[in-house]
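Please read these comments with the model open beside you, and follow each point on the structure as you go.

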Amino acid sequence: RRIDVTDKVLGIVDSEVKPLLAMLNNGEVNMLHLMAVKLKVRGMLDATIPQAKATLYAVGMTKLFVLEIGPLLTALLLCGRIGGSYAGKVATMESTCESKLFVTLGIDPQRWTLFPSLVASWIAAPLLTVLGTAIAIGLG
């Protein structure tokens, strides 16, 4: 929904400036003066509104990046890092027969390797999201 403030501002100018012009001209309102004031106000609005719209657009895009894309990228990077680390750990365990050793000792190898990674990710994910968001806000 688009909001046009020009008509509202010109209505306020008409209601506030008309009595002022009448007071300055001994009770008579010169419509030419009122039209000149309205023209000047319209020109000022036409010069100001595009800058305000651009500022609002920039604020909206910043909000989108900080609130939506920042945590998403943090989660993707964290998943890739943890997944690669876990795959490397499991491959090393298989090549050195550590998984057979854990089974012999009665320890579940998946629990032994996966649980610490999950706990670390539960701690690191919110912290990295807050840190990434703070950096994004700080850099502008």
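1. A helix has an expected span, which is 1.5 Å times one less than its number of residues. The comments below apply to a predicted model, and the helices are numbered from the N terminus. With that in mind, helix α2, which covers residues 31-95, has 65 residues and reaches 93 Å from its first C-alpha to its last, a value close to the expected 96 Å.

2. Helix α2 does carry a kink, of about 35°, and this kink lies at I69, shortly before the proline P71. When you look at the two ends of the helix, note that at its start a side-chain oxygen of N30 reaches to within 3.2 Å of the backbone nitrogen of L32, and that the helix is followed by C97, whose phi is positive, near 60°.

3. Which residues of α2 are buried? They are L34, V41, L45, V66, T74, L78 and M93, where buried means a relative accessible area under 20%. The partners against which these buried residues pack are α1 (6-24), α3 (98-105) and α4 (109-139). As you look along the list, it may help to remember that an α-helix has 3.6 residues a turn, so residues three or four places apart point the same way.

4. Helix α1 can be read in the same manner. It has 19 residues and spans 26 Å between its first and last C-alpha, close to the 27 Å expected at 1.5 Å a residue. A kink of about 30° lies at V17 in α1, shortly before the proline P19, and after the helix comes N26, with a positive phi near 60°.

5. In α1 the buried residues are T6, L10, V13, V17, L21 and A22, and what covers them includes α2. V17 is therefore worth finding on the model, since this residue is listed as buried and is also where the kink of α1 lies.

6. How many salt bridges are there? The count comes to one, and in this salt bridge the side chains of D14 and K38 meet, with 3.9 Å from N to O. Because D14 lies in helix α1 and K38 in helix α2, the pair ties together parts that are 24 residues apart in sequence.

7. Are the two residues of this salt bridge, D14 and K38, buried, exposed or something in between? D14 counts as partly exposed, because its relative accessibility is 26%, and K38 is also partly exposed, with a relative accessible area of 28%.

How values were computed. Residues are numbered from 1 along each chain as its sequence is written. This is a predicted model: local features need pLDDT of at least 70, side-chain atom pairs count only at pLDDT 80 or more; totals for chains, interfaces and linings use all residues. Side-chain values use heavy atoms; hydrogens and water are left out. Helices (H or I, at least four residues) and strands (E, at least two) are DSSP runs, numbered from the N terminus. The bend at a residue is the angle between axes fitted to the seven residues ending there and the seven starting there. Buried means under 20% relative accessible area, exposed over 50%, partly exposed in between (1.4 Å probe, protein chains only). Contact means heavy atoms within 4.5 Å. A polar contact is a pair of N or O atoms within 3.5 Å; within protein, one must be able to donate a hydrogen and the other to accept it, and residues adjacent in sequence count only if both atoms are side-chain atoms. A salt bridge is a side-chain nitrogen of Lys or Arg within 4 Å of a carboxyl oxygen of Asp or Glu.
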